[in-house]
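Good morning, colleagues. I should like to take a few minutes to walk through one structure, beginning with a single residue and working outward from there.

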Amino acid sequence: MDKPLSSETEEQIQLLCNEIASAEGLDAELHEELYTHVEDKMLGYLNGEVALSEADAFVLAREHFGDRMEVREQMAEVHPASVSAMIFRPVLVA
């Protein structure tokens with residue numbers, strides 16, 4: 001059976017597992033087990049087999065909107081006048 005995860009996602013999982021394994025001194029067997037758990041959890045989320053808790057959903061939302069500059073750029077595309085006002089408001093107060 002083909003895995004539905006892209007090669008880029010598999011690389012990201014591998015990097016995450018490498019970081020954890022290195023920091024915690026995990027051997028190759030535990031590293032592989034960790035990779036399998038992370039991959040299974042992702043597939044469960046994507047297939048709807050694992051429900052997201054509110055805490056998990058918040059982590060995902062925070063990650064999605066965590067780059068303030070990217071959020072500002074996206075908001076500026078949709079609401080250019082409002083974002084311009086936000087940028088200049090602190091200057092006017094000073």
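**From one buried residue to the helix pair**

Glu39 has a relative accessibility of 5%, and therefore counts as buried. Please keep in mind that we are looking at a predicted model. Glu39 lies in helix α2. Between Glu39 and Ile13 there are 7.2 Å from C-alpha to C-alpha, while in sequence these two residues are 26 apart.

Let me now place that residue in the overall picture. The chain contains five helices and zero strands, so that its pattern along the sequence reads α-α-α-α-α. Of its 94 residues, 13% are buried. The accessible surface amounts to about 7900 Å², and carbon and sulfur atoms contribute 57% of that area. Among the contacts with a separation of 6 or more, 32% join residues that lie 24 or more positions apart.

I turn next to helix α1, which covers residues 7-24. Does its length agree with what one expects, or disagree? At 1.5 Å a residue, the 18 residues of α1 should span 26 Å, and the end C-alpha atoms are 25 Å apart, which agrees.

Which residues of α1 are buried? They are Thr9, Ile13, Cys17 and Ala21. These residues lie on the same side of α1, because they cover an arc of only 105° around the axis. The face turned away from that buried side carries exposed residues, namely Glu8, Glu11, Gln12, Leu15, Glu19, Ser22 and Ala23. After α1 comes Gly25, with a positive phi near 65°.

What do the buried residues of α1 pack against? Their partner is α2. Ala21 offers a detailed view of this part of the chain. This residue of helix α1 has a relative accessible area of 7%, below the 20% cut-off, and is therefore buried. Once neighbours within four places in sequence are set aside, Ala21 is in contact with Leu26 and His31. Ala21 also lies 9.5 Å from Glu32, C-alpha to C-alpha, at a sequence separation of 11 residues.

We may now look from the side of α2, which runs over residues 28-47. Its 20 residues should span 28 Å at 1.5 Å a residue, and the end C-alpha atoms are indeed 28 Å apart, so expectation and model agree. The buried residues here are His31, Tyr35, Val38, Glu39, Leu43 and Gly44. What covers them includes α1. His31, one of the contacts of Ala21, thus belongs to the buried set of α2, as does Glu39, with which I began.

Two further residues of α2 have intermediate exposure. Asp40 sits in this helix and is partly exposed, because its relative accessible area is 44%. The C-alpha atoms of Asp40 and Val50 are 9.8 Å apart, and the two residues are separated by 10 in sequence. Tyr45, likewise placed in α2, has a relative accessible area of 31% and is therefore partly exposed. Together with Leu52 and Leu60, Tyr45 forms a nonpolar patch on the surface, with about 260 Å² of accessible area in total.

To close, let me return to the central pairing. The buried residues of α1 pack against α2, and α1 is in turn part of the cover over the buried residues of α2. Thank you for your attention.

How values were computed: Residues are numbered from 1 along each chain as its sequence is written. This is a predicted model: local features need pLDDT of at least 70, side-chain atom pairs count only at pLDDT 80 or more; totals for chains, interfaces and linings use all residues. Side-chain values use heavy atoms; hydrogens and water are left out. Patches are made of residues with over 30% relative accessible area and no salt bridge: like charges are joined within 9 Å, nonpolar side chains (Val, Leu, Ile, Met, Phe, Trp, Tyr) within 5 Å. Accessible areas come from the Shrake-Rupley method with a 1.4 Å probe; for residues, only the protein chains shown count as cover. A salt bridge is a side-chain nitrogen of Lys or Arg within 4 Å of a carboxyl oxygen of Asp or Glu. Helices (H or I, at least four residues) and strands (E, at least two) are DSSP runs, numbered from the N terminus. Buried means under 20% relative accessible area, exposed over 50%, partly exposed in between (1.4 Å probe, protein chains only). Contact means heavy atoms within 4.5 Å. The expected span of a helix is 1.5 Å times one less than its number of residues. The arc is that of the directions from the helix axis to the C-beta atoms.
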